[in-house]
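Open your viewer and get ready to click along. Each stop tells you what to select and what to look for there.

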Amino acid sequence: MTWTRLPKLTFWRAVLVVILAAGFYSTLLRFTKGLGAATALSDRFPWGLWIGFDVLCGVGLAAGGFTLAAVVYIFHLERFHPILRPTILTAFLGYALVAVALLFDLGRPYRIWHPLIMWNPRSVMFEVAWCVMLYLTVLALEFSPVVFERFGWRKPLKIVRSMTIVLVIAGVLLSTLHQSSLGSLYLIVPSKLHPLWYSPLLPVFFFVSAIAVGLAMVIFESNLSARAYGREIEMPLLADLGKAMAVVLAFYGLMRLEDVISRGAGRYLLKPTSETVLFGLEVLLGIAVPLAMLFVRRVRENREGLFAAAVLVITGFLLNRLNVSITGMEGFSGTLYFPKWTEVAVTLSLVGVAFALFALAVRYLDLFGPQPSDAVARREEAISRVTG
Amino acid sequence: MSKAILVDTTRCIGCGACVSACQEANGLPENDDTQLTAQTLNVVETHGEVFVRRFCMHCLDPTCASVCPVGAFRKTASGPVVYDADRCMGCRYCMMACPFSIPRYEWNAVLPKVSKCTMCAPRQAKGQQPACTEACPVEASVFGERDELIAEARRRIRENPSGYMGHIYGEDEAGGTSVLYLSAVPFESLGLPVDVPHDPLPMYTYRVLSKIPSLVSLGSVLLGGIWWITNRRNEVARAEGTGGEESGGDDQ
């Protein structure tokens with residue numbers, strides 16, 4: 001691999017050090033002086049950036065993991081195999097980030113295990129807690145062969161591989177539950193969440209948009225790793241993912257449109273409020289524009305065009321989650337929430353650590369497998385692994 | 001039968017006796033908070049000419065109890081909604097979800113708790129009434145059986161229809177609450193949320209949660225089935241020597 005290109009990353013290393021220093025200070029503040037000192041949260045606005053971004057967006061951005069695992073193992077589209085490992089790793093890091101963010105956000109993080117023995121199946125949060133725990137375990141197992149290979153541990157490798165299909169099915173089911181349950185969390189606030197976003201279909205919207213953003217993330221990461229590590233990009237594969245993304249996005253857009261009209265929330269779009277602007281941005285940037293781009297074959301099959309569409313889908317997705325969790329709730333709360341710098345520092349630190357871990361994995365593990373020229377051999381091996 | 005509190009805002013003189021009694025009964029410091037805080041479980045707000053007590057509504061089917069992942073909230077048979085701090089992990093979903101925005105948090109504590117009125121559950125267990133209703137000098141707040149208090153509220157409205165709004169706030173809000181309000185002016189102008197649905201909010205999430213078992217069983221059969229079919233196709237294709245990597249599944 002081309003480690004000679006690494007010096008290019010030193011600027012980012014410097015940025016990372018600054019972010020981590022700020023994050024370290026914020027962590028100390030959070031755990032010695034409490035949430036009030038480290039965050040802009042209040043009785044009127046009890047959930048902020050750590051839930052809105054770290055948890056809601058983190059889980060969504062990890063959705064590439066279950067989407068691609070289903071494509072490769074359940075639908076047997078083996079040619080997508082070469083990009084599966086980095087995607088599973090991203091999903092695992094995303095979920096680990098969510099779990100760590102929860103440790104910051106929970107008032108008493110040392111009780112994070114309470115849902116294991118103190119049950120309340122009527123609570124969506126109970127479902128969320130179990131999904132995070134179980135899916136994190138599944139992702140760790142799904143990724144473990146890469147680590148076992150590295151150390152030549154044949155026995156555990158064999159055991160995990162024999163469970164592959166069970167793990168993948170469990171992963172897809174848990175993801176379906178978890179992605180949708182994050183939307184279900186907000187079903188309980190019909191009088192608090194702005195009508196442009198409150199819908200009985202929130203769990204469906206969260207699930208479908210997660211699939212779209214999962215595909216967008218695979219495209220996004222493949223481009224970044226290709227650029228950073230001088231790898232050849234799997235353009236035909238990504239263009240196909242782009243096509244699938246367009247289908248999901250069109251479906252999602254139609255559902256959102258139908259929902260706003262049928263609930264009579266369309267009249268809010270005529271009012272000149274910040275919510276209207278944010279809703280418009282979300283739909284335009286995240287759905288309409290990328291959809292138009294993806295329908296044009298020349299854009300879809302062009303590396304920059306596809307990358308731009310993926311970035312737009314991700315942006316729209318982030319806007320949607322932040323609108324549901326923060327801006328859509330501000331009107332009712334009667335306050336304006338804006339995160340303190342210490343909150344932002346913790347979030348950036350977690351993202352930075354995830355990036356650093358990914359870079360380490362690229363260096364020390366066989367993440368990308370053989371280069372595309374070996375794809376045939378790879379394919380044979382993959383098929384025999386699944387079938388035998 | 002369960003206990004309730006009827007607050008008649010047309011009688012309240014804003015003396016604050018209920019606030020002091022609440023602080024004393026709950027061992028909270030005296031303060032001048034004008035809104036609910038972690039240290040203030042009961043306040044008297046002023047809206048124009050009218051004084052309104054605000055405290056936990058003690059819903060019949062409490063949203064907080066349904067959303068808490070560890071079951072820290074519980075509706076007791078006698079009426080109060082109580083909180084067990086030893087279970088709480090501090091996710092604050094109760095604060096998000098409460099349609100009346102009642103629960104408060106100890107934001108500056110390293111080991112924080114949620115706080116809210118307990119309807120003096122400990123006093124009730126000893127056969128006493130809540131400190132606030134006992135302290136009220138003008139019977140603006142009275143304690144009793146919920147059914148009887150609703151009958152009493154209806155009687156007051158019937159006998160003085162021009163002096164009251166024709167609605168008992170809390171009779172149906174959020175599926176009904178154990179705290180009931182009477183008012184001469186629209187409830188909206190008293191700062192009480194009027195958009196609260198009249199059916200119990202826990203239903204909104206239960207409708208979805210109850211589908212999980214069938215989703216999981218159907219999902220695993222479906223996914224397993226697709227895997228088996230595409231796998232079989234590949235096997236057949238390989239046996240026929242055509243190398244059918246892409247023959248399975250729907251490639252868009």
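Start in chain B by selecting B:Ile5 and B:Val179: these two are bridge partners, and B:Val179 belongs to strand β9(B). Keep in mind as you look around that this is a predicted model.

**Stop 1: strand β1 of chain B**

Now widen the selection to residues 3-8 of chain B, which make up strand β1. How many of the six residues of this strand are buried? Five of them are, so the strand is largely enclosed by the rest of the structure.

Add residues 179-182 of chain B to your view, and you have strand β9, which pairs with β1(B) in the parallel sense over four bridges. Next, add residues 141-145 of chain B, the strand called β8. Do β1(B) and β8 run parallel or antiparallel? They run antiparallel, and five bridges join them. To see one of these contacts, pick B:Leu6 and look across to its bridge partner in β8(B), B:Val142.

While you have strands on screen, here is a handy rule: in a regular strand, side chains alternate between the two faces of the sheet.

**Stop 2: a hairpin in chain B**

Select residues 50-54 of chain B to bring up strand β3, where four of the five residues are buried. Its partner is β2(B), which covers residues 43-47. Five bridges join β2(B) to β3(B), and the two run antiparallel. One pair to click on is B:Val44 with its bridge partner in β3(B), B:Arg53.

Then follow the chain from one strand to the other. β2(B) and β3(B) form a hairpin with two residues between them. In the turn you will find B:Gly48, whose phi is positive, at about 65°.

**Stop 3: two positive phi angles outside glycine**

Select B:Ala174, in the loop between α6 (146-159) and β9 of chain B. Phi of B:Ala174 is near 55°, a positive value in a residue other than glycine. Is B:Ala174 buried or exposed? With 1% relative accessibility, B:Ala174 counts as buried.

Jump over to chain A and select A:His76, which sits in the loop between α4 (64-74) and α5 (84-105). A:His76 is not a glycine either, and its phi is positive, near 55°. Its relative accessible area is 1%, so A:His76 is buried.

**Stop 4: a nonpolar patch on chain A**

Stay in chain A and select A:Leu20, A:Val353, A:Leu357, A:Leu360 and A:Tyr364. Together they form a nonpolar patch on the surface, with about 420 Å² of accessible area. Which helix gives the largest share of this patch? Helix α15 (residues 341-364) of chain A does, with four residues. Zoom in on A:Leu360, which lies in that helix; at 45% relative accessibility, A:Leu360 counts as partly exposed.

**Stop 5: a charged patch on chain B**

Return to chain B and select B:Glu24, B:Glu30, B:Asp32 and B:Asp33, which gather in a patch of negative charge on the surface. Pick out B:Asp32 in the loop between α1 (17-25) and β2. Its relative accessibility is 74%, so B:Asp32 counts as exposed.

**Last stop: far in sequence, together in space**

Finish by selecting B:Thr118 and B:Cys56, which are 62 residues apart in sequence. What is their C-alpha to C-alpha distance in space? The answer is 7.7 Å. B:Thr118 itself is in the loop between β7 (114-115) and α4 (121-125) of chain B, and its relative accessible area of 23% makes it partly exposed.

Notes
Residues are numbered from 1 along each chain as its sequence is written. Chains are lettered from A and ligands numbered from 1 in the order in which they are written. This is a predicted model: local features need pLDDT of at least 70, side-chain atom pairs count only at pLDDT 80 or more; totals for chains, interfaces and linings use all residues. Side-chain values use heavy atoms; hydrogens and water are left out. Patches are made of residues with over 30% relative accessible area and no salt bridge: like charges are joined within 9 Å, nonpolar side chains (Val, Leu, Ile, Met, Phe, Trp, Tyr) within 5 Å. Accessible areas come from the Shrake-Rupley method with a 1.4 Å probe; for residues, only the protein chains shown count as cover. A salt bridge is a side-chain nitrogen of Lys or Arg within 4 Å of a carboxyl oxygen of Asp or Glu. Lys and Arg count as positive and Asp and Glu as negative; His and the chain ends are not counted. The place of a charge is taken as NZ of Lys, CZ of Arg, CG of Asp or CD of Glu. Buried means under 20% relative accessible area, exposed over 50%, partly exposed in between (1.4 Å probe, protein chains only). Two strands pair if DSSP finds at least two bridges between them.
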